[in-house]
Amino acid sequence: MTTYTNFTVETDADGIALVTWDMPDKSMNVFTVEVMDELEAILAQTVADEAVKGVVFTSGKSSFSGGADLTMIRGMFSMLAEEKARDPASAAQKLFDVAGRMTWLFRKIETNGKPWVSAINGTCMGGAFELSLACHGRVASNSKSVKIALPEVKVGIFPGAGGTQRVSRLANAQDALQMMTTGSSLTPQRAKAMNLLHQVVEPAELVNAARQMIKDGLKPVAPWDEKGFKVPGGGVWTPAAAQLFPAAPAILRRESAGNYPGALAILKCVYEGLQLPFDTALKVEQRYFTQILQTTEAFSMIRSLFISMQELGKGARRPAGQPKTEFKKVGVVGAGFMGASIAYVTAAAGIPVILIDRDQEAADKGKAHSEKLVAEQIGKGRMTKEDGEKLLSLITPTVDYAALSDASFVVEAVFEDRNVKKAVIEAVEAVIPQTTIFASNTSTLPITGLAENSRRPDQFIGVHFFSPVEKMMLTEVILGKQSGDRAIAVALDFVAAIKKTPIVVNDTRGFYVNRCVFRYINEAYDMLIEGVPPAMIENAAKMAGMPVGPLSLNDEVAVDLSQKIMRASIADLGGASVKPQHMKLIDKMVDELDRRGRKNGKGFYDYPAKPAKKSLWPGLKELYPQKPAADVDVAVLKQRLLVTIALEAARTMEEGIVTDPREADVGSILGFGFAPYTGGTLSYIDGMGVKAFVALAEKLAATYGDHFKPTPLLKEMAEKGQTFYTRFDPYGEVGKAA
Ligand code: NAD
């Protein structure tokens, strides 16, 4: 047996070398420079060793591999930034070489002369699946935990280590494009049906089945290296392809408004590559990959959606020196809309939950929500009956606060009313141990104020969930003035335990996410009042990369909730805090027209009975004299929607509400889907350059109002040539690209 740092190689009596990938100190295998070096050495070793007849490649962990390592990617961007500063001409060439390392290593494996079989035992993503595609055989376990995907497009790039060429030479073109442009996961069965796997076998049989393929004489030649190879479906010069390829860019444009250069590059790679010999096709892919890596979109998306998201998930903001909390019991008080869901996600994480409400019926109703979700999951085959029963057994609905006497964490989600919350805080603190952390899920009440009702405000904190809790990945952890380090650590541990991504935000009205969301919705009110046709507002938002138009979003959160919040602002902050025309519009919607949003079937949209789809309420156009569509510049609408949100994010940094640009970025994408190709609110500003952003904001301010005026901080940053990531450098190493 030969042992490498990340692999072991064991050759059996039949001459089959079992290469097991098992990286020390990592929960998942990932591609690093060292891994590639060792893979190269293993290849040389197995080629040179005459006793070796073939190689079975597998993982020693429960998953196969997650793809590339984030430090390697960060390193690549640092290298690019340094090279660009030193010698721009050679920077692209260097990047081309670095980006091609995997491509040509995998090609070497494919053409080494001995058969390799990849034995896929668990999740197999990105580069790891591209490596598998370069093997001559691919076997996967028949298990729910096996997910196969080329998800690169989701972080702004594309499968650039041969993926676009091999998938499109194995699967039919439409399936290949669909898989890569969406980045979606395939089950082993689906991957086999697409011709991407040779076999799907029971997990215990995996390595044997892979060995057997070699014993059965698997040819060490890829189909495309055989004479007379034909692309499935016949290639790009067929009637079917003539239907597919001209339409594909249009479909992509409809889906993503041309905002994702990585997705378009997939179409180019496949279309051009299928007309070329394989090695030339790989080179074309390598060129496009190098080009895409240099786009602002790729840089910003990788930073926010890959690197920062992982860092925040792993506790980047967790105070040092605090021991990790194992949650033996969690309390949720208020079993309503939010509390019921918080109880579900907690139990789904294997943590026992005490679910309290005012009466047993209400508490039971809260648990019934989990019962419904579990039944649905079982019905869809996503959960076994036993797992469902176990999950439900963890939730105890009750009215008895004494059940919280050994809870390590309690979340309240009772009515949004200071007095109700005060009573609950007192009732909970009367029974919980001295060490328990109390969290409020309030969405509008300042945490510092609520903490005044607590006997130990240092153990009081906000944990702000988003609905639907089961789906939304983000949780805002809100710090009151006195919230202590232990409260932060425990809250972050809880968010991590339920597998959500946290951002840590200082106390303020609306916290971070809702402050941004209100700006988005307010801009739509302005547009409506100006007479912009409502459909143009919604479409411009989608074209700008937002998942949901602002009017549709307002319907989801409820128009009467907007009214309540606006009235509260006026009461607390004075009349100037809400534009009178906005208040008039919303009062009319709610009080006169009873258009409260999706919940009563009528808001800015009409919601007819299913299967009919929602459509914009025609009466909306009657409210204000309409501008002719030709007089409205969609490009400006797009800018207004993004800039107003980005400005609010910048204000939260300036005010010290959000302190780490990674949190502003990740929070904006996970919290309300801020145009993901930008990398988030602050990366949007950094990406165009603070100077250009300030100029754009000033231009918009001249026509559309003072809320577009750039803030003093932005002006100062523009003058000094700073970015958010250099000024508020989360790594403390200004100068290095992150
Ligand atoms: P809800 O009305 O659906 O649920 C509140 C629950 O609290 C009810 O079941 C009620 O019976 C219970 N309750 C009231 N007084 C109680 C008491 N004294 N003791 C025990 N239980 C009591 O409301 P919701 O939408 O779930 O909101 C709850 C909290 O979550 C609010 O603070 C709200 O601001 C916040 N929040 C809501 C959302 C959202 O989208 N709805 C999002 C984030 C945060």
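Ala176 is buried, its relative accessible area being 0%, and this residue has its place in helix H6, which spans residues 173-182. The model described here is a predicted one. The points below take up two buried residues, a charged surface patch and an annotated domain.

**Buried positions in helices**
- Ala176 in helix H6 is separated from Leu267 by 91 residues in sequence, while the C-alpha atoms of Ala176 and Leu267 are 9.9 Å apart in space.
- Leu252 is located in helix H9, made up of residues 239-256, and Leu252 counts as buried because its relative accessibility of 13% falls under the 20% cut-off.
- Between Leu252 and Gly228 there are 32 Å from C-alpha to C-alpha, and the two residues are 24 apart along the chain.

**Negative charge on the surface**
- A patch of negative charge on the surface is formed where Asp359, Glu361, Asp364 and Glu371 gather.
- One of these residues, Asp364, belongs to helix H14, which runs over residues 360-379.
- Asp364 counts as partly exposed, because its relative accessibility is 37%, a value in between the 20% limit for buried residues and the 50% limit for exposed ones.

**Annotated domain**
- According to the UniProt record, an unreviewed entry, residues 510-607 are covered by the annotation "domain: 3-hydroxyacyl-CoA dehydrogenase C-terminal".
- Over residues 510-607 the model has 65% of the chain in helix and 2% in strand, and the C-alpha atoms at the two ends lie 28 Å apart.

Technical notes. Residues are numbered from 1 along each chain as its sequence is written. This is a predicted model: local features need pLDDT of at least 70, side-chain atom pairs count only at pLDDT 80 or more; totals for chains, interfaces and linings use all residues. Side-chain values use heavy atoms; hydrogens and water are left out. Patches are made of residues with over 30% relative accessible area and no salt bridge: like charges are joined within 9 Å, nonpolar side chains (Val, Leu, Ile, Met, Phe, Trp, Tyr) within 5 Å. Accessible areas come from the Shrake-Rupley method with a 1.4 Å probe; for residues, only the protein chains shown count as cover. A salt bridge is a side-chain nitrogen of Lys or Arg within 4 Å of a carboxyl oxygen of Asp or Glu. Lys and Arg count as positive and Asp and Glu as negative; His and the chain ends are not counted. The place of a charge is taken as NZ of Lys, CZ of Arg, CG of Asp or CD of Glu. Helices (H or I, at least four residues) and strands (E, at least two) are DSSP runs, numbered from the N terminus. Buried means under 20% relative accessible area, exposed over 50%, partly exposed in between (1.4 Å probe, protein chains only). UniProt positions are given in the numbering used here, feature names are shortened, and annotations may be inferred rather than shown by experiment.
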